[in-house]
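Student: Hi! Could you walk me through this structure? I'm new to it.
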Amino acid sequence: MAVHEHPHRSRGFHLPYLRRHRNAPGSAVSAGTDAHTARAYALASLRLLTGFVFLWAFLDKTFGLGYATASGKAWIDGGSPTKGFLGGVAAGPMESTFHSWAGDAWADWLFMLGLLGIGVALTAGVALRFAALAGTVMMALMWAAEWPPAQHLSDGSPSMSTNPFADYHLVYALVLIALAAASAGDTLGLGRRWAGLPLVGRNRWLR
């Protein structure tokens with residue numbers, strides 16, 4: 001966009017379009033519509049990005065794509081998605097409980113199905129309320145496993161925790177709840193079609 005200087009006009013920052021139309025009858029409605037659209041697309045983008053986080057975690061742990069899970073240690077190669085994380089818990093009131101769960105088949109399947117289900121739901125924009133509930137439970141357990149309040153681990157070494165309460169698990173949980181509350185699946189997703197299904201209409205918790 002070209003910008004031209006006019007020597008006989010005062011310099012400064014001007015918004016002629018806004019100045020000229022700020023009192024127009026339809027300007028408030030248009031601005032409100034634009035804001036609503038921008039908000040809807042922002043939430044949809046957040047939903048898709050969060051969905052990719054969960055889906056990628058599932059794919060990496062299943063096939064060993066070389067990021068968090070090395071090749072040869074994938075789930076399909078006989079590795080356990082929970083053994084390393086839960087077996088390494090070293091602080092908090094549930095330390096021994098997590099150790100007993102580490103590597104159990106039921107824990108592996110529940111964790112992986114949770115990652116897949118939440119990731120698919122967010123990406124497609126469907127069942128966001130159920131995804132928010134499942135995701136919040138998962139994030140709460142992972143928060144308890146890392147136990148940010150601890151300044152020292154059970155062996156006395158520093159925990160390296162940077163905050164006694166807030167961490168990314170709680171942020172993810174809040175994001176999931178906000179996406180469900182805002183019906184973020186209606187934009188760039190299948191939320192409206194999903195809501196129109198008879199089963200979902202009779203069971204609003206599936207929305």
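**Confidence, a helix and a serine**

Student: Where does pLDDT stay under 50?
Tutor: Over residues 1–10 pLDDT (the predictor's confidence in each residue, from 0 to 100) stays under 50, and the model has one contact there beyond four places in sequence. Contact means heavy atoms within 4.5 Å. This is a predicted model, where local features need pLDDT of at least 70, side-chain atom pairs count only at pLDDT 80 or more, and totals for chains, interfaces and linings use all residues. Residues are numbered from 1 along each chain as its sequence is written, and side-chain values use heavy atoms, leaving out hydrogens and water.

Student: And what does the chain average?
Tutor: The protein chain averages a pLDDT of 89, with 86% of the residues scoring at least 70.

Student: New topic: how many residues does α5 have?
Tutor: Helix α5, residues 105–124, has 20 residues. Helices here are DSSP runs (H or I, at least four residues), numbered from the N terminus.

Student: Which of its residues are buried?
Tutor: Among them are Phe-111, Leu-115, Ile-118 and Leu-122. Buried means under 20% relative accessible area, exposed over 50%, and partly exposed in between (1.4 Å probe, protein chains only).

Student: What comes just after α5?
Tutor: Gly-125, which takes a positive phi of about 80°.

Student: Now Ser-161: why is it called partly exposed?
Tutor: Because the relative accessible area of Ser-161 is 33%. Ser-161 lies in the loop between α6 (128–146) and α7 (168–181).

Student: What does Ser-161 touch?
Tutor: Pro-148 and Ala-150, leaving aside residues up to four places away in sequence.

Notes: Helices (H or I, at least four residues) and strands (E, at least two) are DSSP runs, numbered from the N terminus. The expected span of a helix is 1.5 Å times one less than its number of residues.
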